[in-house]
Amino acid sequence: MNIGVLVSGRGTNLQAIIDASKDGKIKSRVVVVISNKRDAYALLRAEKEGIPAFFLSSKNKTPEEYDKEIIGIFENYKVDLVVLAGYLKILSGVLIEKYKDRIINIHPALLPSFGGKGFYGENVHRAVLDAGCRVSGCTVHFVRLEIDKGPIIVQKCVEVLDNDTPETLAERILPHEHQALVEAIKIIEEGRYKIEGMRVKRI
Ligand code: GRF
């Protein structure tokens, strides 16, 4: 599969996909990267790997207009699977419909808890700690219109420690995100699944 990755930040999840494909852990490869932030380090990572990388400004554009531009680029690069890897802009229905069941997202908590509007970055981990959870983790899921809701492909658990801060918890969850994302891509590229409602069953 040709993967198109949407990013907003440092891009360690993007790097994990690129590395897995170089190491032969997955057959798919990242063919294009698009960021809604000009200074996203993820863009530099892509360039270093020789992968076309674009900054798309959302200024004076409706979410639909913006997503149509993304679709234009993805069509040029024949993208089959879209990965949201730390992408902090909400998708419009235009993009979600175009790549139905072909867009996945990585979230740094165990959904359906600690997801939805406002649950991004450190906010997620702070909320997990404030709620007194003994475990957290990460979730890779298919994207639906509702934020952070969609059939779950892979989850990983991470223990919460007594002296955890949002930063330390985020740091311990991150490598699990990288692993979960690669596992999810492998499941999809091998077609070893079927979606039944909110469940993704292995076949
Ligand atoms: C990750 O924690 C991801 O789960 C969240 O944003 C962060 C992005 O990290 N959605 P990176 O840009 O992939 O390093």
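**Exercise 1. Is Phe119 buried, partly exposed or exposed?**

Solution. Keep in mind that this is a predicted model. Start with the relative accessibility of Phe119, which is 28%. Next, recall the cut-offs: buried means under 20%, exposed means over 50%, and partly exposed lies in between. Phe119 therefore counts as partly exposed.

Now look for its ring partner. Phe119 forms an aromatic pair with Phe114, with 6.3 Å centre to centre and 70 degrees between the planes. Planes over 60 degrees apart count as edge-to-face, and that is the class of this pair.

**Exercise 2. Find which parts of the chain the pair of Phe74 and Tyr99 ties together.**

Solution. Begin with the full search, which finds four aromatic pairs in the whole structure. One of them joins Phe74 and Tyr99, edge-to-face, at 6.0 Å centre to centre and 80 degrees between the planes. Then place each residue: Phe74 is in helix H3 (residues 63-76), while Tyr99 is in the loop between helix H4 (93-98) and strand S5 (103-107). The pair therefore ties together parts that are 25 residues apart in sequence. As a last step, check accessibility: both Phe74 and Tyr99 are buried.

While you are looking at rings, turn to Tyr66: the charged end of Lys89 sits over its ring, 4.6 Å from the centre.

**Exercise 3. Work out where the largest nonpolar core lies relative to domain 1 and domain 2.**

Solution. First, pick out the core, which has 43 residues. The members that touch the most others are Val5, Ile17, Val30, Val33, Val83, Ile104 and Ile153. Second, ask which helix supplies the most: helix H6 (residues 166-190) does, with nine residues. Third, compare with the domain bounds. Domain 1 (1-100) and domain 2 (105-203) both contribute residues, so the core lies between them.

To see one member's surroundings, select Val30. Leaving aside neighbours within four places in sequence, Val30 is in contact with Ile3, Val5, Leu14, Ile17, Ile18 and Ile51. Another core, of 20 residues, lies apart from the largest one; Val31, Ile71, Ile73 and Phe74 are among its members.

**Exercise 4. Decide whether the radius of gyration agrees with that of a compact globule.**

Solution. Take the chain length, 203 residues, for which a compact globule would have a radius of gyration near 17 Å. The protein chain has 16 Å, which agrees. Then add the burial figure: 48% of the 203 residues count as buried. Finally, consider contacts between residues at least 6 apart in sequence: 64% of them join residues at least 24 apart.

Key. Residues are numbered from 1 along each chain as its sequence is written. This is a predicted model: local features need pLDDT of at least 70, side-chain atom pairs count only at pLDDT 80 or more; totals for chains, interfaces and linings use all residues. Side-chain values use heavy atoms; hydrogens and water are left out. A nonpolar core is a set of buried Ala, Val, Leu, Ile, Met, Phe, Trp, Tyr and Cys residues joined through side-chain atoms within 4.5 Å. Buried means under 20% relative accessible area, exposed over 50%, partly exposed in between (1.4 Å probe, protein chains only). Helices (H or I, at least four residues) and strands (E, at least two) are DSSP runs, numbered from the N terminus. Domain bounds come from an automatic or database domain assignment. Contact means heavy atoms within 4.5 Å. Rings of Phe, Tyr and Trp (its six-membered ring) pair if their centres lie within 6.5 Å; planes under 30 degrees apart count as stacked, over 60 as edge-to-face and the rest as tilted. A charge sits over a ring if NZ of Lys or CZ of Arg is within 6 Å of the ring centre and within 35 degrees of the ring normal. The radius of gyration is taken over C-alpha atoms; the globule rule is 2.2 Å times the number of residues to the power 0.38.
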